[in-house]
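User: I'm new to this one and would like a close look at a single part of it. Could you walk me through the salt bridges, and then show me what surrounds them?

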Amino acid sequence: MTDSAATLIAAVIAAGVAGLGLVWSIVSFLMMRHSQRAAEARQEWARRYQQALAQALSADAREAAAGLVLIGTLSRAEWATDEDRATAASVLASLSPAPGSTASEVRSTVIGGIGDRDVASELEHASSGPKGRFEVYRDGAGAHRWRLTAADGEVLAESGGHPTENAALQALQLVRRELGGVEP
């Protein structure tokens, strides 16, 4: 084999390796970008879901109804997990005063979307409302607050003012989590 043939073979091999490196770089970039877009979409979904939850807990009936519809729609979204759906079903259980109500219908739809049939079955058999209701609202001074009302409408507990709806919702979720372990 001559020097020029060996040089040509080496050049072809080097070009092939460089080409594979370029292809790998492009594939890696596309995979990373896909992953990044998926994470961004999940974050946007979570933001919308929290907003829908706040609406569903609103004292305003039309806003609460819109929140329920949004929860149902978002629970069917690609980014919703079984854990998200179970949380939604639990929240909706506290809003479902009677079979056939909007909250009850949305809850049934959400439970139907849960892939783990054991979890779905347990949620289907869990007792639901009317035990009371948490509501998030804006007071006259513009602060965001939450309150717990009994089935008869009596206010049982009310938060202090929070600067944002999200802050009030986070405080409400903390209270709900803490109350979960309290014996009646």
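Analyst: Let's start with a term: a residue is called buried when its relative accessible area is under 20%, exposed when it is over 50%, and partly exposed in between. Keep in mind too that this is a predicted model.

With that scale in hand, take Arg-48. Its relative accessible area is 44%, so Arg-48 is partly exposed. The side chain of Arg-48 meets that of Glu-44 in a salt bridge, with N and O 2.9 Å apart. Both residues sit in helix H1, four residues from each other, or about one turn of the helix.

Glu-44 has another partner as well. Its side chain also forms a salt bridge with Arg-47, at 2.6 Å from N to O. Here the two residues are three apart in helix H1, so about one helical turn separates them. Put together, Glu-44, Arg-47 and Arg-48 make up a linked network of salt bridges. How open are the other two members? Glu-44 comes out at 29% relative accessibility, which means partly exposed, and Arg-47 is partly exposed too, at 43%. As for the general idea, side chains of opposite charge can pair when their charged atoms come close.

The count for this model is six salt bridges. Another of them joins Asp-82 and Arg-85, whose closest N and O atoms are 3.5 Å apart. These two lie three residues apart in helix H3, so again there is about one helical turn between them. Their exposure is worth a look: Asp-82 is partly exposed at 29%, whereas Arg-85, at 11%, counts as buried.

Now for the surroundings. Helix H1, home of the Glu-44 network, runs from 3 to 56 and is among the elements that supply at least two residues each to the largest nonpolar core, as helix H3 (82–95) also is. That core has 30 residues, and the members touching the most others are Leu-57, Ile-71, Val-136 and Leu-172. H1 gives the largest share, six residues.

Val-136 is a handy place to see how parts meet. Beyond its neighbours within four places in sequence, Val-136 is in contact with ten residues' worth of company that includes Ala-54, Leu-57, Trp-146, Leu-169 and Leu-172. Strands S1 (133–138) and S2 (144–149) each supply at least two residues of the core as well.

Those strands belong to an open sheet of three, ordered S1-S2-S3 with antiparallel pairing. S1 and S3 (155–158) stand at the edges with a single partner strand each, so one side of each has no neighbour in the sheet. From one strand to the next, the twist averages 30°. S2 and S3 are paired over three antiparallel bridges, and Thr-149 has Val-155 in S3 as its bridge partner.

One more arginine rounds off the tour. Arg-147 lies in strand S2, and at 19% relative accessibility it counts as buried. Its side chain is joined to that of Glu-135 by a polar contact of 2.7 Å. Among the other residues in contact with Arg-147, leaving aside those within four places in sequence, are Ala-59, Phe-134, Tyr-137, Val-155 and Glu-158.

Methods. Residues are numbered from 1 along each chain as its sequence is written. This is a predicted model: local features need pLDDT of at least 70, side-chain atom pairs count only at pLDDT 80 or more; totals for chains, interfaces and linings use all residues. Side-chain values use heavy atoms; hydrogens and water are left out. A nonpolar core is a set of buried Ala, Val, Leu, Ile, Met, Phe, Trp, Tyr and Cys residues joined through side-chain atoms within 4.5 Å. Buried means under 20% relative accessible area, exposed over 50%, partly exposed in between (1.4 Å probe, protein chains only). Contact means heavy atoms within 4.5 Å. A salt bridge is a side-chain nitrogen of Lys or Arg within 4 Å of a carboxyl oxygen of Asp or Glu. A polar contact is a pair of N or O atoms within 3.5 Å; within protein, one must be able to donate a hydrogen and the other to accept it, and residues adjacent in sequence count only if both atoms are side-chain atoms. Two strands pair if DSSP finds at least two bridges between them. Axes are lines fitted to C-alpha atoms, for helices over the stretch in contact, and angles run from 0 to 180 degrees between N-to-C directions.
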